[in-house]
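Open the structure in your viewer and have the selection tool ready. This tour goes from one selection to the next and says what is there.

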Amino acid sequence: MKISVVGTGYVGLVTATCFAEMGHDVIGVDIDHEKVQRLSRGESPLFEPGLEAMLKSNLSGGRLSFTTDLSVAVQNSLFCFVAVGTPKGEDGSADLNAVLAVARSIAEHMDGYRVIVVKSTVPVGTCDLVSREVSEALAHRPGPVDFDVVSNPEFLKEGAAVEDFLRPDRVIVGVSNPRVEELMRELYSPFVRNGHPVYFMDVRSSELTKYASNALLATKISFMNMISQICDKVGADVMSVRSGVGSDRRIGMPFLYAGVGYGGSCFPKDVKALIHTGTRLGVEMGLLREVEAVNDFQKLWVLKKLRDLIGPLSGKSIALWGGAFKPDTDDIREATSLTVLDGLIGEGARVSLYDPAAMPSLREIYGDSVCFGENPYSVLAGADVLVLLTEWRVFRNPDWRKIKSLMSGTLVLDGRNQYEPSELSRHGLSWHGVGRGCYTGNP
Ligand SMILES: NC(=O)c1ccc[n+]([C@@H]2O[C@H](COP(=O)([O-])OP(=O)(O)OC[C@H]3O[C@@H](n4cnc5c(N)ncnc54)[C@H](O)[C@@H]3O)[C@@H](O)[C@H]2O)c1
Ligand SMILES: O=c1ccn([C@@H]2O[C@H](COP(=O)(O)OP(=O)(O)O[C@H]3O[C@H](CO)[C@@H](O)[C@H](O)[C@H]3O)[C@@H](O)[C@H]2O)c(=O)[nH]1
């Protein structure tokens, strides 16, 4: 089937590449000329495991191409996917300017029936707005041009985006008539051969499903972070509590890891946008406000713990492992590292940092205020404290003997509960995790 995907960021590029991988003919469109040039050469502008190899093979196989010219893309596709950003507006709502502008432009280039698929995360009612924009743009045409607008939110996770797209738990599709339902079923049939379903529903339910999913996942994380604070005070272990709680099949293990708070381009923005929607509709949104408040508090865990354990941070040498908001991505949007770096630099600490993928973006923000290393050990010389912020695989089994010999202090703050406390103490290091009061002498 012939597809165009407008916006070639994390979602658009993965969508375009994976549809091509499954044998569809795909044109990716972006307004960023440099990005389109790089993509056309087979270079992925994003760090996403498996993406670049798949991009290259589909480009050379002739199933995938990129352009800045929307007219070429629209005229050569039946499905026009909209995958542009919906950033946080000033009042917390999702900014729909890019989505609506793309909808209008698609309409201007349509020469016959098209399915306009909204893949971006958009508030309830947006597909209706898209329909209106398209109808208005088409109203200037001499003859009738037919179209459908479909909601098809994306659930991929960064760092596992290709795998998530190729083998989704489920695909959500909001449609308003059986004709387009059949087309969408055919489009996605190669992705659900594993038996996982495509859920067809009305458009508004589909739009809301995306926000409800992200808000519930964020709630699980904040809930466990709140429990971790209690664990610290009563001498309990949040990891044991997680196993006990999560083994109830009604609850489940995933997304119950306490840590340094959730970040990324989605949870913070989407929780805020859902609060905005609910509030506008007169729904009491206190639950999600608390989810946010717990997360804001948790992002400060490192700074508070450091002050408690080593006193004023001025002049202290702090080594950070990890800067991306999660492993296997170079994305630093809303990453906890930004809160920690701002705090440490603001309080006069000397900061060094290593991250396998996120250092170019961090360097653009912090320049010489942070000493960036070439490998995990190169940031440790003379450090008073080592802090783990992102659980990249390269940090999982470090050489503690070497670490002890490089650092001048002995404190390790484990913001992702990755390490075995007894192993560190065997090497003369003192360890503090998140919500693991049982190991640190409380109550
Ligand atoms: N990042 C994720 O993990 C993820 C997962 C699921 C859903 N989403 C949602 O998907 C949407 C896109 O997110 P993203 O992270 O891919 O964004 P992104 O910022 O990485 O990419 C957006 C792309 O759209 C391009 N663009 C903007 N205006 C354009 C226009 N008029 N024409 C053509 N291209 C244009 C930009 O140049 C950019 O390349 C958002 O609504 C987001 O909430 C994101
Ligand atoms: O138990 C957990 C799980 C995650 N996190 C943090 O939560 C954030 C988000 O992680 P994750 O959900 O894995 O990454 P995203 O790429 O942001 O993916 C989320 O946001 C996307 C954009 O909407 C959705 O498509 C995905 O389904 C949804 O998981 C990161 O900072 C993680 O460190 C925790 O602190 N504890």
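Which of the 26 residues around ligand 1 come nearest? Select ligand 1 and then G7, G9, V11, S120 and T121, the residues that come nearest to ligand 1. Keep in mind throughout that this is a predicted model.

**Stop 1: the shell around ligand 1**

Now add helix α1 (10–21) and helix α5 (97–109) to the selection, the elements that give two or more residues to this shell. If you colour the shell around ligand 1 by residue class, it divides into twelve nonpolar, nine polar and five charged residues.

**Stop 2: the two domains**

Next, colour residues 2–201 as domain 1 and residues 202–443 as domain 2, following the domain assignment of the protein. The C-alpha centres of domain 1 and domain 2 are 33 Å apart. Where the domains touch, 29 residues of domain 1 and 25 residues of domain 2 take part in the contact.

To look at the domain 1 side of this contact, select α6 (126–138) and β7 (171–174), the elements that give two or more residues to it. The most comes from β7, with three residues. By class, the residues on this side of domain 1 are 16 nonpolar, nine polar and four charged.

**Stop 3: the shell around ligand 2**

Move to ligand 2 and show the 21 residues that surround it. The closest are E158, Y257, Y262, G264 and C266. With the domain colours still on, look for both of them here: domain 1 (2–201) and domain 2 (202–443) each provide at least three residues of the shell around ligand 2.

Which helices should you select at this stop? Both α9 and α11 (267–280) supply at least two residues of the shell, and α9 gives the most, with three residues. The shell around ligand 2 has eleven nonpolar, five polar and five charged residues.

**Stop 4: helix α9 against helix α10**

Stay with α9 (residues 203–234) and add α10 (residues 238–246). Two packed helices are described by the angle between their axes and by the distance between those axes. For α9 and α10 the angle is about 135° and the axes are 9 Å apart. That angle makes α9 oblique to α10. The crossing of α9 past α10 is right-handed.

Finally, show the side chains where the two helices meet. On α9 select M224, I227, S228 and C231, and on α10 select V238, V241 and R242. By class, this contact of α9 with α10 has five nonpolar residues, one polar and one charged.

Technical notes. Residues numbered from 1 in each chain as written. Chains lettered and ligands numbered in written order. Predicted model: local features only at pLDDT ≥ 70, side-chain atom pairs only at ≥ 80, totals over all residues. Domains from an automatic or database assignment. Contact = placed C-beta atoms within 7 Å. Helix = DSSP H or I, 4+ residues; strand = E, 2+ residues; numbered from the N terminus. Nonpolar A, V, L, I, M, F, W, Y, C, P; charged D, E, K, R; others polar. Axes fitted to C-alpha atoms, helices over the stretch in contact; angles between N-to-C directions. Parallel < 35°, antiparallel > 145°, perpendicular 65-115°, else oblique. Left-handed = near helix turned anticlockwise from the far one by under 90°. Near = placed C-beta within 6 Å.
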